[in-house]
Amino acid sequence: MSIETNLITADLATIRSALRLNKLALIGIVGTPDERRALIRHAGGDIETLSVGGTLGRGTITAISEDAVMINGTRGPTRLMIPEAQRPAAAA
């Protein structure tokens, strides 16, 4: 583990089957609340960083929250969330 990797990230990185590798997945959100970017993993394994207004397939990212991305595409709005296994437990 490097100095830059916190313990929660290190623990979550070793969970088996946290992501379905053959599907589009939101793997993280970075940036400030005013300038968030989403880390998207494509089914083929490529990872892309996108901001609001960015295109994802035939859709456009319309919003990025702490744990989800809203995409407006040809099938209407879709919400892509960080998988449950990757979310840290709420502080007590």
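Which residue takes a positive phi in the hairpin of β1 and β2? The points below address this and related features of the predicted model.

1. **The β1-β2 hairpin.** The residue in question is G31, with a positive phi near 100°. This hairpin has 6 residues between its strands. Strand β1, residues 25-30, runs antiparallel to β2, and 5 bridges join the two. Within this pairing, I29 stands opposite A38 of β2.

2. **Overall composition.** The chain contains 1 helix and 7 strands. Along the sequence the order is α-β-β-β-β-β-β-β, with the helix preceding the strands. Of the 92 residues in the chain, 24% are buried. The accessible surface amounts to about 6700 Å², and carbon and sulfur atoms account for 51% of that area.

3. **Contact range.** Considering contacts between residues at least 6 apart in sequence, 26% connect residues that are at least 24 apart.

4. **The β2-β3 hairpin.** Strand β2 covers residues 37-41 and strand β3 covers residues 47-50; they are antiparallel and are joined by 4 bridges. One bridge pair is I40 with E48 of β3. The hairpin leaves 5 residues between the strands, and G45 in its turn has a positive phi of about 105°. Strand β2 is thus paired with β1 and also with β3.

5. **The four-stranded sheet.** Strands β4, β5, β6 and β7 form an open sheet in the order β4-β5-β6-β7, with antiparallel pairing. Strands β4 and β7 (76-81) each have a single partner strand and stand at the edges, so one side of each lacks a neighbour in the sheet. As background, strands of a sheet pair through backbone hydrogen bonds, in a parallel or antiparallel manner.

6. **Hairpins within that sheet.** Strand β4, residues 55-56, pairs with β5, residues 59-64, over 2 bridges in the antiparallel sense. Here L56 has G59 of β5 as its bridge partner, while T55 stands opposite T60. The hairpin has 2 residues between its strands, and G57 in the turn shows a positive phi of about 65°. Strand β5 is in turn joined to β6, residues 68-73, by 4 bridges in an antiparallel arrangement. The connection between β5 and β6 is a hairpin through 3 residues. T60 has N72 as its bridge partner in β6.

7. **The nonpolar core.** Which residues make up the largest nonpolar core? There are 11 in all: L26, A38, I40, L50, L56, I61, I64, V69, I71, L80 and I82. Strands β2, β5 and β6 are the elements that give two or more residues to this core. In soluble globular proteins, nonpolar side chains tend to be buried together. Two of the core members also appear in the strand pairings above: A38 stands opposite I29, and I40 is bridged to E48.

8. **Surroundings of I61.** What does I61 contact, once its neighbours within four places in sequence are set aside? The contacts are L50, S51, V52, G53, G54, V69, M70 and I71. Among them, L50, V69 and I71 are listed with I61 in the largest nonpolar core.

Definitions and conventions:
Residues numbered from 1 in each chain as written. Predicted model: local features only at pLDDT ≥ 70, side-chain atom pairs only at ≥ 80, totals over all residues. Heavy atoms only, no water. Buried < 20%, exposed > 50% of the residue type's maximum accessible area, 1.4 Å probe, protein only. Contact = heavy atoms within 4.5 Å. Areas by Shrake-Rupley, 256 points an atom, 1.4 Å probe, with all protein chains shown as cover. Pairing = 2+ DSSP bridges. Core = buried A, V, L, I, M, F, W, Y, C linked by side-chain atoms within 4.5 Å.
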